[in-house]
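The following briefing accompanies the sequence and structure shown here. It proceeds by topic, from the chain as a whole to individual residues.

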Amino acid sequence: MPSQLTTSASISAAGSTVKSALRAIEILEFFMRERQPRAMSEISGALGYPASSTTVLLKTLVGLGYLNFDRRTKLYFPTPKVTSLGDWIPKSLFGNSRVLEAMRDVHAATGEAVSIGTTNDVYLQYVKIIQSTHPLRFHVDEGTLRPLTQSALGWLLMSTMSDEKLDTIVRRANIATPNAADRVKPQDMIRRIREIRGKGHCSAENVPMLGGATICVLLPITIQNQPVALGLGGVAERIKQNASRYLNVLRQAARSVKAGDSDTDV
């Protein structure tokens with residue numbers, strides 16, 4: 001009996017630790033969105049946390065040097081230590097390639113949201129995004145994950161895989177897709193991927209957002225041995241009207257990356 005109690009206590013403690021870690025990350029992500037000093041009550045209310053545990057977490061983050069607390073105004077704000085956590089990552093991911101310059105070229109020519117996406121297990125992950133400057137636009141946060149089957153970038157990335165691997169990936173992606181109506185039949189997805197394969201580009205409307213559209217191309221590099229797609233997205237009608245020009249802009253950007261890189265694996 002004592003051993004059972006010890007095990008139960010350990011599991012409970014582990015669960016509490018995981019929840020605290022998750023909440024600490026969510027607090028930092030909250031500031032990434034807000035970009036303004038915020039009071040404990042505002043943070044607690046926005047994230048739906050109990051005031052007591054929010055206070056403890058905020059004090060912990062202050063003690064670790066990740067948040068600054070202004071005792072006069074009672075406001076919290078991240079410190080440069082948060083920035084230092086990830087300021088080395090773009091260099092590590094993109095090396096000396098022209099990927100970021102290519103993104104800026106596409107954005108300057110189109111004004112649309114421009115993204116770099118790669119595979120992360122059964123997901124597409126947006127590793128870098130430049131947001132749209134158009135009045136009507138969709139917003140996606142950097143780091144967002146989507147099942148590979150739920151976006152044009154995901155389809156394009158899957159076009160680099162064999163049919164045998166695709167069957168497994170699609171089935172696992174379906175498990176990771178919360179809404180049953182969005183799940184796809186493996187053979188239907190494989191047929192779609194076969195049409196995309198070899199083109200080096202893909203386009204889609206109303207996926208992943210209703211009323212939106214995406215055009216994307218493969219880049220001639222990998223990131224951590226994973227394929228990479230460069231895409232742009234926005235309101236479907238605007239994308240449709242400019243589809244040919246936008247595709248040419250993306251292709252030119254992809255060629256510039258190839259021309260600027262001596263190593264195709266960054």
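**Overall composition**

Of the 266 residues in the protein chain, 39% count as buried. The model is a predicted one. Its protein chain contains eleven helices and nine strands. The exposed area of the protein chain is about 14700 Å², of which carbon and sulfur atoms supply 54%. Among contacts between residues at least 6 apart in sequence, 57% join residues at least 24 apart.

**The sheet**

- Six strands form an open sheet in the order E6-E5-E4-E9-E8-E7, and their pairing is antiparallel.
- The edges are occupied by strand E6 (145–147) and strand E7 (201–205); each has a single partner strand, so one side of each has no neighbour in the sheet.
- From one strand to the next, the twist averages 30 degrees.
- Strand E4 (residues 113–120) and strand E9 (residues 226–235) run antiparallel and are joined by six bridges.
- Within this pairing, Val114 has Leu232 in E9 as its bridge partner.

**Surroundings of Ala113**

- Ala113 belongs to strand E4.
- Ala113 counts as buried because its relative accessibility is 14%, which falls under the 20% cut-off.
- Beyond its neighbours within four places in sequence, Ala113 is in contact with Ile130, Gln131 and Ser132, and also with Gly231, Leu232 and Gly233.
- Leu232, one of these contacts of Ala113, is also the bridge partner of Val114.
- The C-alpha atoms of Ala113 and Thr133 are 7.6 Å apart in space, while the two residues are 20 apart in sequence.

**Cysteines**

- The count of disulfides is zero.
- Cys202 is in no disulfide, and the nearest cysteine sulfur to it is that of Cys216, 4.8 Å away.
- Cys216 is likewise in no disulfide, the sulfur of Cys202 being its nearest at 4.8 Å. This separation is not within the 2.5 Å that a disulfide requires, so the pair does not qualify.
- Both residues count as buried: Cys202 has 4% relative accessibility, and Cys216 has a relative accessible area of 0%.

**Salt bridges**

- Ten salt bridges are found in a search of the whole structure.
- One of them joins the side chains of Glu142 and Lys128, with an N to O distance of 3.7 Å. Glu142 lies in the loop between strand E5 (123–130) and E6, and Lys128 lies in strand E5, so the pair ties together parts that are 14 residues apart in sequence.
- Glu142 is partly exposed at 39% relative accessibility, and Lys128 is partly exposed at 28%.
- A further salt bridge is formed by the side chains of Asp163 and Arg197 (3.1 Å, N to O). Asp163 is in helix H8 (residues 163–175) and Arg197 is in the loop between helix H9 (186–196) and E7; the pair links distant parts of the chain, 34 residues apart.
- Arg197 has a relative accessible area of 31% and is partly exposed.
- Asp163 and Arg197 are also linked with Arg194 in a network of salt bridges.
- The side chains of Asp188 and Arg191 meet at 2.3 Å, N to O, in another salt bridge. These two residues are separated by about one helical turn because they are three residues apart in helix H9.
- Asp188, at 40% relative accessibility, counts as partly exposed, as does Arg191, with a relative accessible area of 45%.

Technical notes:
Residues numbered from 1 in each chain as written. Predicted model: local features only at pLDDT ≥ 70, side-chain atom pairs only at ≥ 80, totals over all residues. Heavy atoms only, no water. Pairing = 2+ DSSP bridges. Helix = DSSP H or I, 4+ residues; strand = E, 2+ residues; numbered from the N terminus. Axes fitted to C-alpha atoms, helices over the stretch in contact; angles between N-to-C directions. Buried < 20%, exposed > 50% of the residue type's maximum accessible area, 1.4 Å probe, protein only. Contact = heavy atoms within 4.5 Å. Areas by Shrake-Rupley, 256 points an atom, 1.4 Å probe, with all protein chains shown as cover. Salt bridge = Lys/Arg side-chain N within 4 Å of Asp/Glu carboxyl O.
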